[in-house]
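Student: I'd like to take a close look at a single part of this model. Could you walk me through it slowly and then show me how it fits into the rest?

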Protein chains: 2
Amino acid sequence: MKSNFNDKQIQILEVAETLFAEKGFDGTSIRNIAKVAKINIAMVSYYFGSKERLLESLIVYRTSDLKNQLDNLLQEDLEPIEKINKLIELYINRINSNRGIYRILHFEFTSKKREQNLQAFSELKKGNLKSLETIIEEGQKKGIFRKDVIIPLITPTILGTFFHFHMNKPFFENLLNLKTEDLYNNYIKTNLTKHIQQTIKALLIYES
Amino acid sequence: MKSNFNDKQIQILEVAETLFAEKGFDGTSIRNIAKVAKINIAMVSYYFGSKERLLESLIVYRTSDLKNQLDNLLQEDLEPIEKINKLIELYINRINSNRGIYRILHFEFTSKKREQNLQAFSELKKGNLKSLETIIEEGQKKGIFRKDVIIPLITPTILGTFFHFHMNKPFFENLLNLKTEDLYNNYIKTNLTKHIQQTIKALLIYES
DNA sequence: GTTTAAATTAAACACTTGTTTAGTTTTGTT
DNA sequence: AACAAAACTAAACAAGTGTTTAATTTAAAC
């Protein structure tokens, strides 16, 4: 799939991503972006129309291929619990290596200020939920998963756990002695991912 | 415990809380606050020194008594799993009825911009974690809880689930048909809280 | 009732914001 | 080489930013 953005636009988008993620949308100025990207301040308006539309373009640029990845997972020949584990891994991996944009989505598109631009994002979430539902219902049909779980609340547990961990990065770096970026990333890839998988598995299979 | 703020300051703090929560710290101007609170724009500087220090005061104003509530819970005569359930309920209830400030904490104090003001907040979190540890170790000693859970990751699961749900409020309102504020709040108090309790219980007790 | 401190105000300050304009330079096409 | 479209620029724009100032009103103390 070819991108609709040219090199210069992508350059701007990626600088904007970093800065929005670091300092928020309102905390980042166009002059700020222009300086870091080494472009003229007028180029943002020239290429994207406005700062607001730059944000929209950024969302499109970064979230366009998640759906495909999920669809592929669904069609793999795996046990439901394995699919769940892989889905969790996929989510964490993807979000973790695209921290910027997900942080932005998390922050900017949940405030009242930007409720309008919400639609495309909402469609993405609905699609993701559908995929999860398919897997879980498969597990329930096979008698492996319990049937009294509220499926739409599982995503908040998966993503919320990750986000809450990541948003308190300095706290956990200190607490868990994750001195380098590598140690931190490794902790997410192993311990945190495993914790989430363990949690969801316990929730889906446990019988009181 | 008496508050250090006078009526006028509290009035300003509460308006600021609402606006910061709605539009973010950078998205809210002093003139904005002054208009809603019906005060002169100079009063913010007069009473708090600066916009930044207004935010600090707001944190102090809102988080000062959580520690006591947790300490009380610890000393109750309950089974560990009951204490966990109550702790979850306490967290959700408290955060849910102080949404503003927690949203602000969540947003503002996790961005690189405000890393300095982090210390007091970090102490609060450490204290909370200590309380949770105490309860879980008690359960482990009694042979009720499994011992291979990573305790510091449980808080992210509890709070993260709630936050992720709440930050996607419009999405879940639509999905779960929670047309009124009452329905939404009730869903949190019952279904969401139960989901989190069920999840944590499964995680702590489940034996593969 | 006068004095003194606190509370409140309108105006000004210097600075930053997003966007537009009117050019200039670069690039590609014929 | 000549032209046209695209890319790029510096400068200006009006509006908004947080903070300070100097003056005025209100309240408390004596």
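Student: Which residues of helix 7 of chain B are buried?

Tutor: Before anything else, keep in mind that this is a predicted model. Now to your helix. The buried residues of helix 7 of chain B are Arg99(B), Gly100(B), Ile101(B), Tyr102(B), Arg103(B), Ile104(B), Leu105(B), His106(B), Phe107(B) and Glu108(B). That makes 10 of the 10 residues in the helix, so helix 7 of chain B is largely enclosed by the rest of the structure. If you're wondering what earns a residue that label, buried means under 20% relative accessible area.

Let's hop over to chain A and look at the matching stretch there. Helix 7 of chain A covers residues 99-108, and 10 of its 10 residues are buried as well. Among them are Arg99(A), Tyr102(A), His106(A) and Glu108(A). For some background, buried residues make up 55% of the 208 residues in chain A.

Now zoom in on one end of that helix. Arg99(A) is found in helix 7 of chain A. It may be an arginine, but at 17% relative accessibility Arg99(A) counts as buried, because the cut-off is under 20%. What does Arg99(A) touch, once you leave out residues up to four places away in sequence? The list is His166(A), Lys169(A), Glu181(A), Tyr184(A), Asn185(A) and Ile188(A).

Arg99(A) has a partner that this list leaves out: a polar contact of 2.8 Å joins the side chains of Asn96(A) and Arg99(A). Asn96(A) sits in helix 6 of chain A, which takes in residues 80-97, while Arg99(A) belongs to helix 7. Just like its partner, Asn96(A) is buried, with a relative accessible area of 15%. Leaving out residues up to four places away in sequence, Asn96(A) touches Phe162(A), Asn185(A) and Ile188(A). Two of those names should ring a bell, since Asn185(A) and Ile188(A) are also touched by Arg99(A).

Okay, let's step back and see what kind of chain this helix lives in. Chain A has 11 helices and 0 strands, so if you read its elements from the N terminus on, you get α-α-α-α-α-α-α-α-α-α-α. Along its principal axes, the C-alpha trace of chain A spans about 60 × 40 × 30 Å. Contacts between parts of the chain that are well separated in sequence matter for the count here: among the contacts in chain A with a separation of 6 or more, 68% are between residues 24 or more positions apart.

There's another side to your helix, and that's the other chain. 50 residues of chain B are in contact with 50 residues of chain A. Between them the two chains bury about 4,600 Å², and 68% of that is on carbon and sulfur atoms. Helix 7 of chain B is one of the elements that give two or more residues to the side touching chain A; the others are helix 1, helix 8, helix 9, helix 10 and helix 11 of chain B. The largest share, 10 residues, comes from helix 9 of chain B. Sorted by class, that side of chain B has 23 nonpolar, 15 polar and 12 charged residues. Even with charged residues there, the rule finds 0 salt bridges across the interface. What the rule does find is 8 residue pairs in polar contact, both residues at pLDDT 80 or more.

How are the two chains arranged? Chain B can be laid on chain A with an RMSD of 0.0 Å by a turn of 180° and a shift of 0.0 Å along the axis. The two copies are thus related as by a two-fold rotation axis. Of the residues of chain B, Gly160(B) comes closest to that axis, with its C-alpha at 1.9 Å. On top of that, 100% of the interface residues of chain B are also interface residues in chain A, so the copies meet through the same surface.

One last stop, for contrast with your buried helix. Asn177(B) is in the loop between helix 10 and helix 11 of chain B, and at 49% relative accessibility it counts as partly exposed. Most residues other than glycine have a negative phi. Asn177(B), though, has a positive phi of about 60° although it is not a glycine. In chain A, Asn177(A) also has a positive phi of about 60°, and it is found in the loop between helix 10 and helix 11 of that chain.

Conventions. Residues numbered from 1 in each chain as written. Chains lettered and ligands numbered in written order. Predicted model: local features only at pLDDT ≥ 70, side-chain atom pairs only at ≥ 80, totals over all residues. Heavy atoms only, no water. Contact = heavy atoms within 4.5 Å. Buried area = accessible area lost by both parts, 1.4 Å probe. Salt bridge = Lys/Arg side-chain N within 4 Å of Asp/Glu carboxyl O. Polar contact = N/O pair within 3.5 Å; in protein donor to acceptor, adjacent residues only side chain to side chain. Helix = DSSP H or I, 4+ residues; strand = E, 2+ residues; numbered from the N terminus. Nonpolar A, V, L, I, M, F, W, Y, C, P; charged D, E, K, R; others polar. Least-squares fit on C-alpha atoms with pLDDT ≥ 70 in both. Buried < 20%, exposed > 50% of the residue type's maximum accessible area, 1.4 Å probe, protein only.
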